[in-house]
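The following exercises concern a single protein chain. Each task is followed by a solution in steps.

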Amino acid sequence: MQDTASTKFAHTIIDDYVTSGSLAIGDRLPSSRELQKKYATSGHTIVHALTHLEDQGILIKYPGKKGYFLAEVKDFNQAEPKFIGFIAPCTTDEEHVMRVYNGISGVCERNGYHVILANSSSNYKKERDHVKNMISAGCKAIVLFAVTRTRDQLENDYLKTKYPDFPIVMVDMAFPSQMRSQVVFDNYAAGYEMTSTLLKGCHRKIAFIQTNTPSGDFMHKSTQERYRGYQDALKNFGDEPLPECLWVVNWLLNEGPTDADIAAGLMPYVQSCREGSDHPTAIIALEDRMAYILTSMAVGLGIDVPGELTILGFDNLASTRLCNPIFDTTDPDFSQAGRMAADIAIQHIDEEVDHQVVCVLPVPILRRSGTPSLANLHLQQFSEINGR
């Protein structure tokens with residue numbers, strides 16, 4: 001990942017020593033200590049700037065000689081750094097976001113691009129500003145892991161009207177109406193298969209957790225698609241459709257909920273599983289983090305998991321694999337999504353494609369629990385039948 005400070009000084013070194021003509025091909029550049037003193041910056045920044053110029057073929061090291069030397073580059077403008085931006089709701093504590101980044105960075109490295117990373121903090125305005133700034137800074141394309149929109153934000157999305165000719169490739173969180181190249185997951189199939197599996201495991205009341213803002217306009221594409229799959233699975237099971245059991249948890253749109261927020265929103269529902277007679281026997285959580293919290297709460301209330309209550313998650317997050325008891329989940333390949341998004345972005349840059357590209361990746365169901373409950377056995381059988 002190339003930071004902006006080292007990029008700035010890499011350009012400054014080119015201006016001062018290359019394009020100015022002060023060094024000829026084969027001449028030695030001043031030492032990193034001398035450059036650090038000249039530019040009044042840190043040694044770390046200078047080292048990164050020099051390494052960056054070496055990667056671009058502008059500088060070279062010779063065995064047995066200290067320092068960097070000006071390489072034989074016919075056109076230095078051709079060797080200028082090339083950047084692709086990656087904007088995501090967060091950059092450090094979201095495992096699936098970092099999987100996408102790893103996929104992007106591998107493709108970019110092979111194609112001579114550097115990745116500039118920006119955190120939108122789940123804020124629509126910050127995302128929009130980052131897009132504007134990255135384009136102004138000279139990025140050739142942007143891979144966008146979009147924040148969840150409100151209904152109004154989606155209807156008036158800047159992606160529909162601004163930068164129509166600039167390559168912005170969306171990954172995971174994308175709607176067709178945004179009219180951008182997209183790499184998304186088949187969350188409808190995931191919701192349908194997960195619900196069908198539970199139904200085959202003799203569950204007849206399955207709770208589906210939906211999140212929303214207090215105003216009810218939270219447009220979370222992945223959850224919406226899973227919910228459609230859940231609804232259709234209930235409708236298509238047996239002679240008569242089974243009723244839905246929807247649990248809605250509200251929180252503010254642009255503030256990521258803490259574990260305590262999630263637990264507080266779910267506690268009345270989980271308590272009803274302990275106290276009520278007509279309670280669900282299975283819960284489809286929003287994702288693994290929520291499934292982990294649900295499992296801990298249920299066990300704490302003395303509920304037998306998965307005997308009395310089966311809990312399922314999404315995304316196969318490593319941070320939840322030590323949950324006891326462990327729960328089954330899905331295994332979307334976020335790294336592959338990042339690789340495909342970066343490939344499409346570079347194709348747009350090189351004008352190999354001049355139209356919207358949409359790729360839909362499968363979402364395999366993953367049995368990772370060690371408890372052979374009836375639902376879990378059916379989950380394994382269903383996965384094997386479908387070649388997952």
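Two strands count as paired if DSSP finds at least two bridges between them. Helices (H or I, at least four residues) and strands (E, at least two) are DSSP runs, numbered from the N terminus. The model is predicted: local features need pLDDT of at least 70, side-chain atom pairs count only at pLDDT 80 or more, and totals for chains, interfaces and linings use all residues. Residues are numbered from 1 along each chain as its sequence is written, and side-chain values use heavy atoms, with hydrogens and water left out.

**Exercise 1. Describe the surroundings of strand 8 (residues 181-185).**

Step 1. Establish the burial, where buried means under 20% relative accessible area, exposed over 50%, and partly exposed in between (1.4 Å probe, protein chains only). Five of the five residues of strand 8 are buried, so the strand is largely enclosed by the rest of the structure.

Step 2. Assign the side-chain directions. Ser-181, Val-183 and Phe-185 point one way, while Gln-182 and Val-184 point the other way.

Step 3. Identify the partner strands. Strand 7 (residues 168-171) runs parallel to strand 8 and is joined to it by three bridges; here Val-171 has Val-183 as its bridge partner. Strand 15 (residues 358-361) is also parallel to strand 8, with four bridges between them, and Cys-359 of strand 15 stands opposite Val-183.

**Exercise 2. Which strands pair with strand 3 (residues 82-88), and how many of its residues are buried?**

Step 1. Count the covered positions: six of the seven residues of strand 3 are buried.

Step 2. Take the pairing with strand 4 (residues 113-119), which is parallel and extends over seven bridges. Within it, Asn-119 is the bridge partner of Ala-88.

Step 3. Take the pairing with strand 5 (residues 141-144), which is parallel and has four bridges. Ile-142 in strand 5 stands opposite Gly-85.

**Exercise 3. Determine the strand order of the open four-stranded sheet and locate the helices packed on it.**

Step 1. Read the order, which is 11-9-12-13, with parallel pairing.

Step 2. Find the edges. Strand 11 (245-250) and strand 13 (310-312) each have a single partner strand, so one side of each is left without a neighbour in the sheet. From one strand to the next, the twist averages 20 degrees.

Step 3. Examine an inner pair. Strand 9 (residues 206-212) and strand 12 (residues 282-284) are joined in the parallel sense by three bridges, and Ala-207 faces Ile-283 of strand 12.

Step 4. Add the helices, taking contact as heavy atoms within 4.5 Å. Angles run from 0 to 180 degrees between N-to-C directions, and axes are lines fitted to C-alpha atoms, for helices over the stretch in contact. Helix 10 (residues 259-275) touches strand 9 and strand 11, and its direction makes about 150 degrees with that of strand 11. Helix 11 (residues 288-300) lies across strand 9, strand 11, strand 12 and strand 13, at about 160 degrees to strand 13.

**Exercise 4. Characterise the largest nonpolar core.**

Step 1. Apply the criterion: a nonpolar core is a set of buried Ala, Val, Leu, Ile, Met, Phe, Trp, Tyr and Cys residues joined through side-chain atoms within 4.5 Å. The largest such core has 90 residues, and those with the most contacts inside it include Val-183, Trp-247 and Leu-294.

Step 2. Find the main contributor. Helix 12 (residues 334-349) gives the most to this core, with eight residues.

Step 3. Inspect one member. Among the residues touched by Leu-294 are Ile-209, Trp-247, Ile-283 and Ile-311.

**Exercise 5. Compare the settings of three salt bridges.**

Step 1. State the criterion: a side-chain nitrogen of Lys or Arg lies within 4 Å of a carboxyl oxygen of Asp or Glu. The whole structure has ten salt bridges.

Step 2. Arg-149 and Asp-157 meet at 2.9 Å, N to O, and both residues are buried. Together with Glu-127 they are linked in a network of salt bridges.

Step 3. Arg-228 and Glu-225 have their closest N and O atoms 2.9 Å apart. Both lie in helix 9, three residues apart, about one turn of the helix.

Step 4. Asp-259 and Arg-289 have a closest N and O separation of 2.8 Å. Asp-259 lies in helix 10 and Arg-289 in helix 11, so the pair ties together parts that are 30 residues apart in sequence. Asp-259 is partly exposed at 43% relative accessible area, and Arg-289 is partly exposed at 28%.

Methods: Lists of a residue's contacts leave out its neighbours within four places in sequence.
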